[in-house]
Amino acid sequence: SHPGVRIETLAYDGSMEPPLSGTVLPDNVIVTLCLSGRDASAPLSATRNAAWQARIAAWQKVTKHLRIWAYTDGGGPAPRPNWMNVGDDLTYLAGIGVEGYFSEGDGWPLNEYLKNYVIARKTFNASLDSRAVVAEFNNKFFGSQAGELVTRYNTLLHNSMAAAPTVNCTWPPSCQAPGRQGPLDRTSKSGPGYSPYSTIFP
């Protein structure tokens, strides 16, 4: 009823589940699904996030225009090593036809410089290897010799988080119940500010 106009709506928190089977939204409606509470210790394509894979697929039956809102917070000044998983998520989402991605991070440079670089590189070319992009950033930022050492450090942190047997997320607070935190998490929304990064896949 409104040609030439697109309307965007959120599938967030209490509205993350898609409507009943058979519901199809008009072509001009965009749905942005928030990955609130997903297990950030593994990429979306992993078994740990099978429920999210099914939820995304169900929304794609409802709308032709699905975008993702991802909380990629570092959780404060302590490093939260989800850089590689964020990159792998972009490969997965582009591969299944999701058309846009919005990342809400925090303002801590230790977390965000590398993560934003990975997001920027992968949104222009989702087929890039996330680990290679991490190494590329470190070599450019720190120099090749120091960059190699930093990449080893990044990999150790990443492997430690991946080995955690519990969900690893920073938002919403419901995912921070006792016994559900990964060992490297810092539950904090404080800091010098947020640095959301938004893009549409080419």
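This report walks through the fold, one central strand and the cavities of a predicted model.

## Overall fold

Let's start with the broad layout. The protein holds five helices and five strands. Read from the N terminus, its elements follow the order β-β-α-β-α-β-α-α-α-β, with a strand at each end of that series.

Of the 202 residues in the protein, 48% are buried. The exposed surface comes to about 9,700 Å², and carbon and sulfur atoms account for 60% of that area. Links across the sequence are well represented too: taking contacts between residues at least 6 apart in sequence, 69% join residues at least 24 apart.

## Strand β2 and its neighbours

Strand β2 is a good place to look next. This strand spans residues 29-34, and six of its six residues are buried. Its side chains split into two sets: V29, V31 and L33 point one way, while I30, T32 and C34 point the other way. Both sets are buried, so neither direction from β2 leads to a residue that reaches the 20% relative accessible area used as the cut-off for "buried".

Two strands pair with β2. Strand β1 (residues 7-11) does so in the parallel sense, over five bridges, and here I7 has V29 as its bridge partner in β2. Strand β3 (residues 65-71) also pairs with β2 in the parallel sense, again over five bridges. On that side, V31 of β2 stands opposite L66 of β3. V29 and V31, the two β2 residues named in these pairings, belong to the set that points one way from the strand along with L33.

## Cavities

Now for the empty space inside. Rolling a probe the size of a water molecule over the atoms shows where such space is left. How many cavities of 30 Å³ or more are there? The count comes to two, and the largest cavity has a volume of about 60 Å³.

Which residues line the largest cavity? The lining consists of R38, A40, A42, Y71, T72, R80, N82, N85, V86 and D89. Y71 in this list is also the last residue of strand β3, the strand that pairs with β2. Helix α2 (residues 83-95) gives the most to the lining, with three residues; N85, V86 and D89 fall within its range.

By class, the lining is mixed, with four nonpolar, three polar and three charged residues. The charged residues are R38, R80 and D89, and the nonpolar ones are A40, A42, Y71 and V86.

Technical notes. Residues numbered from 1 in each chain as written. Predicted model: local features only at pLDDT ≥ 70, side-chain atom pairs only at ≥ 80, totals over all residues. Heavy atoms only, no water. 1 Å grid on protein atoms, 1.4 Å probe; cavity = no way out; pocket = protein on both sides within 12 Å on 5 of 7 lines; lining within 4 Å. Points joined across faces, edges and corners; volume = space filled by probe spheres on them. Helix = DSSP H or I, 4+ residues; strand = E, 2+ residues; numbered from the N terminus. Buried < 20%, exposed > 50% of the residue type's maximum accessible area, 1.4 Å probe, protein only. Contact = heavy atoms within 4.5 Å. Areas by Shrake-Rupley, 256 points an atom, 1.4 Å probe, with all protein chains shown as cover. Pairing = 2+ DSSP bridges.
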